[in-house]
Amino acid sequence: LYENGLITYMRTDSVKLSTQAVAAARALVAERYGAEYLPKTARVWEGKSRNAQEAHEAIRPAGEVFRTPEEIEGEVGGADARLYDLIWKRTVASQMLDARHKSMTATFDCALAGGGQAELVARGRVVLFDGFLRAYVEGADEPEANGESASREQRDEKDVVLPPLRAGLEALVAEARPSAHQTKPPARYTEAGIVQKLEELGIGRPSTYASIIGTIVDREYAVKRGSALVPTPLAFAVVQLMLELEPTLVDYSFTAEMEAKLDAIALGELERTAFLDNFYRGTQPGLHAIVTGRATQIDPKRVGTIPIGESDGQQISLRVGRFGPYIERGEARASVPEGLAPDEITVEKALELLAAASQAEEPIGHAADGTPVFMRTGRFGPYVQLGVDSEDKKVKPKRASIFKSMDPRRLTVEQALLLLSLPRTLGAADDGGTVVARPGRFGPYLEKTTAGSEKPETRSLKSEEQLLTITLAEALALFAIPKRGRGRGAAAAPLREMGVDPVSAAPIVLKDGNYGPYVTDGTTNASLPKGAKIEDLTLVEAARLLANRREAGPVKKRKSVRKPAARKKK
């Protein structure tokens, strides 16, 4: 957006707008929404940070007249268009009046016909003036139309006008509905939620939020489950370690005060050497004494243990080990499957994992030579193992993950031996290459290794079951099909022929590209809008997409900048 001149400089955490931006926003509000939405004087916003990057104004649409999101949607599209829409709305809304609404709750004590009392509640809310919200919900009468969701109770309250009421008034009950209320745990943090919390606590800066979240994920303190960030057992252990080492270091106020002191150093109000000396050798917090003293006395087993509960008088704990988390109860242990969060490990779940681990000590059968076959559960899920674990940790028995379609509780020894037979050699190709069916990290695939070639040729398989059933002839047929990819293979066939374009007089076809479906007349390409269904696309709509793409002009390619060569030292 910045490189195309659509927004101002983006590396700033300033919330101040220039005189030009304020004038543009106020003119747009007056023209688009009316003078009643415009404050008498310009609204001025102040940031929380004393050392904000004030050399640049806040991120806002560029120019003396803001281009609307509708205008630039055809130029950038996708995430860029949505981001511009957000920046545009924030900028315009910042120069609009506040919204005002009136809420009322009436509570009635009601005598029941069968005896006893009930409490009935009626709620109402009327928006007196929508103010800056008009910029966000323009064209939508209901929040649901703007992507928001509301419960039935919230919808009932929306714009319901209650009659004039006073204390002691008797009312006739025309209708009453029971309303159940269940307490729900707070939702897990998302990246946006963490950023909001960091801003609220005064920790970090906009330029550091991405690196903070990146560190949390990269060090596996949390894993992503959809948009939510789920803490791992390692995160609990690290927090317990820090709390025992020095609680001050993980106190929110300490981190916020640190930001303030760093600002003071940057502004010349605090001498940095004195601050660093006090931080390391002094008492705030005295890092040298912590590392050389307290850190050496911490028991790793204690800080890496998370209590789960008790069963038959025995403590069940979640432990963080060298090879991943595991459940411990006395001498019994069981690995925790990857993806299972600490709050999801109840006493019942822990006992279930321990029971499965104890069953794993008994073989499900034996191979033809008498070697026992075991069914076990590890960090990455259930697997089968041929033979017992040896005392020499470097020599590991053969193992194989079970297919997703298989039930570990009903797995037979015959199925286990088939899994352990993988990878499976299918035979030799005409060119002398050896074809092998292999399970892989990203799914099942075929591999053909030819003498003299640097890299084996591969093809993906549709299901894990094909690893056991595919024949050499079927595999060679797959290798005969050119592999799709940049700069190699044949072009993909069109999904549908739409008809003749009225402008270029060339046939329009619908194709599937790397970034989704698009239409083309051989010269101009236009992506389908997000959420559009290809089966509903008509020739008229396809021609309109191509026409909009032509009007927008060619896409500007990013220029590569070469770094200057290093000068040789004389």
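## Thr-12 and its contact

The side chain of Thr-12 reaches the backbone nitrogen of Ser-14, at 3.0 Å. This structure is a predicted model. Thr-12 lies in the segment before helix H1, which covers residues 19–32.

Is Thr-12 buried or exposed? Its relative accessibility is 10%. Buried means under 20%, so Thr-12 counts as buried.

## The chain as a whole

The chain has 570 residues, and buried residues make up 29% of them. It holds 17 helices and 20 strands.

The chain exposes about 38,900 Å². Carbon and sulfur atoms supply 53% of that area. Now take the contacts between residues at least 6 apart in sequence. Of these, 50% join residues at least 24 apart.

## A nonpolar patch

Which residues form a nonpolar patch on the surface? They are Tyr-2, Met-10 and Ile-59. Together they have about 260 Å² of accessible area.

Ile-59 sits in the loop between H1 and helix H2, the latter being residues 69–73. The relative accessibility of Ile-59 is 31%. Partly exposed covers the range between under 20% and over 50%, so Ile-59 counts as partly exposed.

## Helix H8 and its cover

Helix H8 runs through residues 233–245, which makes 13 residues. At 1.5 Å a residue, H8 should span 18 Å. The expected span uses one less than the number of residues. The end C-alpha atoms of H8 are 18 Å apart, so the model agrees with the expected value.

Which residues of H8 are buried? They are Pro-233, Ala-235, Ala-237 and Leu-245. Both helices and strands help to cover them. The helices include H11 (287–292) and H12 (300–303). The strands include S4 (228–231), S5 (305–311), S6 (314–321) and S7 (324–329).

## Lys-448 in strand S15

Lys-448 is found in strand S15, residues 445–449. Its relative accessible area is 10%. The cut-off for buried is under 20%, so Lys-448 is buried.

What does the side chain of Lys-448 make a polar contact with? The partner is the side chain of Asp-431, at 3.3 Å. Asp-431 also appears among the contacts of Lys-448 when neighbours within four places in sequence are left aside. Also in contact with Lys-448 on that basis are Ala-429, Gly-433, Thr-434, Val-435, Pro-456, Glu-457 and Phe-479.

Conventions
Residues numbered from 1 in each chain as written. Predicted model: local features only at pLDDT ≥ 70, side-chain atom pairs only at ≥ 80, totals over all residues. Heavy atoms only, no water. Helix = DSSP H or I, 4+ residues; strand = E, 2+ residues; numbered from the N terminus. Buried < 20%, exposed > 50% of the residue type's maximum accessible area, 1.4 Å probe, protein only. Polar contact = N/O pair within 3.5 Å; in protein donor to acceptor, adjacent residues only side chain to side chain. Contact = heavy atoms within 4.5 Å. Patch = residues over 30% accessible without salt bridge, like charges linked within 9 Å, V, L, I, M, F, W, Y side chains within 5 Å. Areas by Shrake-Rupley, 256 points an atom, 1.4 Å probe, with all protein chains shown as cover. Salt bridge = Lys/Arg side-chain N within 4 Å of Asp/Glu carboxyl O.
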